[in-house]
Amino acid sequence: MLSKKTKYAIKALVALGKNAGNPPMQIVKLAEMEMIPRKFLEQILLDMRNAGYLYSKKGAGGGYSLNKDPKDIFLADILRITDGPIAMVPCASLKFYRKCDECHDEVTCGIRKTFIDVRNATLNVLAETSIADVIARETDKVVTN
């Protein structure tokens, strides 16, 4: 299941994507608009800024804006920043691989093979879906990368 942190991060990036071309959006306004607890949103936005997806401006007229085009921000990257691995078991992870403690033989493990298939199917969708695509889906427009 998608964590609240990831869902809120996507919601915030979508709102900031829609705000492109306007002055930076203040956290208070963004939190209220998207119904995200402000303190939680502050941490999420800090993580996104540290990862290079957001620009922040302090002081009067300050707030957050996207540092990248919404077409260049993919859900797989956001999920990895907010939640870590996309794979449901550590031995099937591409970027966060870890051998399962109880596994006798990874090469023949049917559970691992099944969850590699699940990971690949999930990753295919998330790696090809951008914030621009999510915005377009709200209005049923098709976006091509």
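This is a short talk on the two domains of this chain, the contact between them, and the salt bridges.

Okay, so first off, keep in mind that what you're looking at is a predicted model. The domain assignment splits the protein chain into domain 1, residues 4-66, and domain 2, residues 74-129. On the contact between them, domain 1 puts in nine residues and domain 2 puts in seven. If you take the C-alpha centres of domain 1 and domain 2, they sit 28 Å apart.

Let's stay with that interface for a bit. Putting domain 1 and domain 2 together buries about 680 Å², and carbon and sulfur atoms account for 76% of that. And what about charge pairing across it? How many salt bridges does the rule find between domain 1 and domain 2? Zero. What the rule does find across the interface is two residue pairs in polar contact, both at pLDDT 80 or more.

Now, which elements of domain 1 give two or more residues to the side that touches domain 2? Those are α1, residues 4-18, and α3, residues 38-50. Helix α1 has the largest share of that side, with five residues. By residue class, the domain 1 side breaks down as six nonpolar, one polar and two charged.

Right, on to salt bridges. The count by this rule comes to four. One of them joins D47 and K5, with N to O at 3.2 Å. I like this one because D47 is in helix α3 and K5 is in helix α1, so the pair ties together parts that are 42 residues apart in sequence. Buried or exposed, then, for D47? It's buried, at 19% relative accessible area, so just on that side of the 20% cut-off. Its partner K5 counts as partly exposed, at 22%.

Then there's a little group within α3. R38 pairs with E42, and their closest N and O atoms are 2.4 Å apart. Those two are four residues apart in helix α3, so about one helical turn separates R38 from E42. E42 also meets K39 in a salt bridge, at 3.8 Å, N to O. E42 and K39 are three residues apart in α3, again about one turn of the helix. Put those pairs together and R38, K39 and E42 are linked in a network of salt bridges.

As for accessibility in that trio, K39 counts as exposed at 59%. R38 is partly exposed at 40%, and E42 is partly exposed too, at 26%.

That's me done, thanks.

Definitions and conventions: Residues numbered from 1 in each chain as written. Predicted model: local features only at pLDDT ≥ 70, side-chain atom pairs only at ≥ 80, totals over all residues. Heavy atoms only, no water. Domains from an automatic or database assignment. Contact = heavy atoms within 4.5 Å. Buried area = accessible area lost by both parts, 1.4 Å probe. Salt bridge = Lys/Arg side-chain N within 4 Å of Asp/Glu carboxyl O. Polar contact = N/O pair within 3.5 Å; in protein donor to acceptor, adjacent residues only side chain to side chain. Nonpolar A, V, L, I, M, F, W, Y, C, P; charged D, E, K, R; others polar. Buried < 20%, exposed > 50% of the residue type's maximum accessible area, 1.4 Å probe, protein only.
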